[in-house]
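Colleague: Could you take a close look at one helix for me, and tell me what its buried side rests against?

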Amino acid sequence: MKQSIYHQLHLTSLEVALPQLLQEASTQQWTYETLLQRALTTELEGREQKAIARRLKAARLPSAKTLEGFDFSFQPSLSERRLRELADLSFVRTCTNIVLLGPPGTGKTHLSVALANRALTAGHSVLFTTLSELAHALSTASHPGLVRSRLRHYITPSVLVIDEVGYTTLSQEQARYFFELVTARYEHGSIILTSNTSFASWGTLLGDDVLATALLDRLLHHAEVIAINGRSYRMKERQMDRAGVPAPAEATLSATGARAAGVGASA
Ligand code: ADP
Ligand code: MG
């Protein structure tokens, strides 16, 4: 079966939109030039959307968190202005790393995903992983060629998110691969890294103080370190859940509105 001329020229977005465009052109009495402009713009926008969708799929982000969805008032130790500055993505262009430190539930993963999302919408390639996933992928490669190709997978994207550094200690081999990766990306691409442990514990994490010092030296040479010293948002949500779904015995209290008022005061 012969494909349409639009299909042959890969003008797939235009092909879909054309009937409506022609209809509009006729009712609005567009000039030929306007019609051509609108047709080409439609195709271009369609291509950009598809490219974003492709990058989003390749990035393997665990959620669709955004900066707009982050409640800065809940985390006063965090400078909203600083985060907004980072969201202008100059850190990607200058290959600067971002290190988010803080206890569980303080929004480290949320913010890393939000920044990654910004980056891929702006046209940068992104990959999200956790340190344990990364270490596992590299240490289970069955031959050196596979290690190289897996390392390349983590080296190539403009932005690599390494989440949850500190939850698992690494084997000697895994620590060496982690070091190799950070070295390969040094001044070539950004890393957004999140951790619940202080840098002082990285020797234990990597099982090697000298390696940890060398790795941190490269990681932090061009880096924005953001410490979040606040409460867990998860705990807040849990308290809200408990408050929002009252047990039967609490129903009368809830009906008076006293309970809801109490929640408002504590939140
Ligand atoms: P961490 O990675 O520091 O353990 P997360 O980023 O996973 O924490 O946050 C836990 C949950 O709470 C997520 O669903 C996240 O979207 C939400 N969250 C954390 N902090 C905030 C905040 N300040 N505003 C809105 N949601 C938040
Ligand atoms: Mg997290």
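Modeller: Happy to; here is helix H7 and its surroundings. This is a predicted model, in which local features need pLDDT of at least 70 and side-chain atom pairs count only at pLDDT 80 or more, while totals for chains, interfaces and linings use all residues. Residues are numbered from 1 along each chain as its sequence is written, and side-chain values use heavy atoms, with hydrogens and water left out.

Helix H7 spans residues 131–139; helices here are DSSP runs (H or I) of at least four residues, and strands are runs (E) of at least two, numbered from the N terminus. Its buried residues are Leu131, Leu134, Ala135, Ala137 and Leu138, where buried means under 20% relative accessible area, exposed over 50%, and partly exposed in between, with a 1.4 Å probe and protein chains only. Viewed down the axis of H7, these buried residues fall within an arc of 160°, so they line one face of the helix; the arc is taken from the directions from the helix axis to the C-beta atoms.

The cover over that buried set includes strand E2 (126–130), helix H8 (144–155), strand E3 (159–165) and helix H9 (172–185), with contact meaning heavy atoms within 4.5 Å.

Two of these covering helices are also joined to each other. Arg148 forms a salt bridge with Glu180, their closest N and O atoms 3.0 Å apart; the term means a side-chain nitrogen of Lys or Arg within 4 Å of a carboxyl oxygen of Asp or Glu. Arg148 sits in helix H8 and Glu180 in helix H9, 32 residues apart, linking distant parts of the chain. Arg148 is partly exposed at 43% relative accessibility, and Glu180 is partly exposed at 25%.

Key: Chains lettered and ligands numbered in written order.
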